[in-house]
Amino acid sequence: MRRSLPSSLLATCSHVRPHPSHFCIARRAISLYCNIYHRNRPRRHPIKIPPLTWYSPNLQTFASQADSDAPSNERIPHDKKGLATPFVLSKEAATASKDYPISQRLWALPPSIAIHLSIGSVYVYSMWTPGMSKALGVIAAAPQDWTHPTLLPIFSTAAITLGITTSTLGSWIESIGPRTAGTIGSALWSGALLTTAAGVHYHSLPMLYLGYGILGGMGWGFMYLTPVTSVMKWFPDKRGLATGIALSAFGAGAALAPSLIHALVDWFSISPEFVGECVLTGGRVGECVELSILEDGSQVVALNSPVGVPGTPVVVATEADIAKAVGTMGSEGPGVYTIGTGDTGVAKAMGTLGVMYGCLGAIGSRFMMIPHPEWSPDQSRAAEEVTTQSAPVNSTTNNSPGCNFEDSSNNYGLPATYVTTNTTQFPLLWLSVFGNATGGLALLSSSKIMLTDIFAGVAPQIVTPAFSTGYVSALGIGMALGRFGWSAISDVIGRKNAYALFGLGVPIVGMAPYLCHTVVDIAGSGSLTSEEIHVMPYLLTFYSGSVLAITFYGGIFSILPAYIADLFGQKHAGAIHGKALTAWAASAVAGPMGLAYLRSHSQENSIQELLSTINVHDATALERSFGCSIHDEATIEKLIDAKTLTIEKLMELAPPGTVDPTPFLYDSTCYFAAGLMSLAFLSNLAIRPLDLNRAMIDMQTKKIK
């Protein structure tokens, strides 16, 4: 005998119209009743219960039908309490109403700023490389430590991953909504820093590539693209200014991160154990540490050494190495230090920032908003003025000079597939971004070590680790100002004219080697003591010139979304922006990796020149300090590969008056970057406006979607 529902329940259901908010409760009650009374009992007509879901658009349809069937005096109001609440990170929850007031759209900026503050620290990779290149030796590079050319490709890997992410997942990122995309990006970026910290701690290079390179690049793509496209939808009438405000936070994150990283690294760093002085650092023979060189070129305490435990692996720190040390590390002075007894503090600092940035990005993602597809600033402005009984506004007007409503509409534009394959404007824009970004990325990826190499030997009392950190922060500030300032200027003078002004970076970068040679010539003249060298004007010129060049780099990417929207329309600007960012990914390979290759080549040539100079001055100096002859090329090669033989150590053996070649290691890099920036300048000049109406007709003829 089959049980039926209680009559009281049926009577209640037949006289009371169900409210949409009670729909899920009724389903759960019926499901519970069936599970209790009909368990293991056959039924001819089983009750079919719709699957329970957290949110379904069908529920809104049910509510609309229920209300439309009800009498006018009983119709249920359509308010937020009457409908099922969508998941907080869903696109529906992030979408504002189509009558959202235009005066409130500024609230879309703070969440975007929070996300970009978090991911902006990706640009200060140069703050991590000095510590990572001394993870084992701590005070000086150990034979097993990573070299600078080994670490720079990690940043390039992140850039390549960014380009792949934005180009392949750009449309999907827009479809899932800004809150979900931002949360995914925050998790990826936090995991990237934590994975990289573990890689530094365990000295695993693959973990560094997996963390900062792959996870970091993916998080970078999600957290960069999401706020930009969202803000542009809120400000179609002021695209340049809006993206400039949002992206200036990206530069602000790069400006704030160096000081934070420096403080954390200083806090967590531990100085290695000091063994004593050696002959190379001024120790007396028979009273200092005697060293032996193994077959791989590494150094250990010799068996007959009067100081130290024989067989202990060590590194030798010179005055130049001590000058680059952080905080109180190396306070004992130049000499021999034990490998594996200290800590650079990089791993712990990076792990701490991973947690902090993950939380900041997740909070910003939670409050991201996008406008309704039918919302527009002119309609919203007109509605507000009608509400306040003001004069009516023509809906076809626009505040941006030279724009009409059709051009500023979020629902008008060419698809990415057509733009990338059927226009000449896109490849020219791609080349313009690639050439301009190469020089900026080369500087950003190595800014701290570059400044130290060029000016620390000339002005060691001025160019300290703290000064270098301030320089990296100044570059971040310049990038933030460039992202905001140039984007606002582009609203007045036009995107193409703004890109043309970035050609001023060509003489700035091209003249940098001349500036460095002039400073070194003054310092090496011998007419002035180190305290009397008037190096400050040259240092400030280099400082201000590089900051100005970085403002151009920041302006490239803050103007780019608006430039794309002006050329190809706003509707698919996000997807096209993702395709254009592949130019940045290519420049991130050409810039840092090109710098690493050219610097390494210049370093090898400089070492050979110093060896020749030392051989002429004192043929036995190398044998006394390193136990090998100047003519033993195989042993010398091993010592160079093991970082036992460096420019800093050879300068200790060089005769007085020998010019330190370290400041000249970047000459070829500057010339290479200046050439690519010239190519970008010419490519931008060749861009012509695109007739969107004609392009739309051509697209329909070719049946491109």
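In which loop does lysine 643 lie? In this predicted model, lysine 643 is placed in the loop between α24 (633-641) and α25 (647-653). Its backbone is notable for a positive phi of about 65°, although lysine 643 is not a glycine. Most residues other than glycine have a negative phi. With a relative accessible area of 14%, lysine 643 is classed as buried, because buried means under 20% on this scale.

A positive phi is also found at histidine 203, where the angle is about 55° although this residue, too, is not a glycine. Histidine 203 belongs to the loop between α8 (178-201) and α9 (205-234). The relative accessible area computed for histidine 203 is 22%, so this residue counts as partly exposed, given that the partly exposed class lies between the 20% limit for buried residues and the 50% limit for exposed ones.

Alanine 583, by contrast with a loop position, is part of a helix, namely α22, which spans residues 573-617. Its relative accessible area is 0%, and alanine 583 is therefore assigned to the buried class. When neighbours within four places in sequence are left aside, the residues in contact with alanine 583 are Trp430, Val433 and Phe434. A further spatial relation links alanine 583 to proline 427: the two residues are separated by 156 residues in sequence, while their C-alpha atoms are 9.5 Å apart in space.

Note on methods: Residues are numbered from 1 along each chain as its sequence is written. This is a predicted model: local features need pLDDT of at least 70, side-chain atom pairs count only at pLDDT 80 or more; totals for chains, interfaces and linings use all residues. Side-chain values use heavy atoms; hydrogens and water are left out. Helices (H or I, at least four residues) and strands (E, at least two) are DSSP runs, numbered from the N terminus. Buried means under 20% relative accessible area, exposed over 50%, partly exposed in between (1.4 Å probe, protein chains only). Contact means heavy atoms within 4.5 Å.
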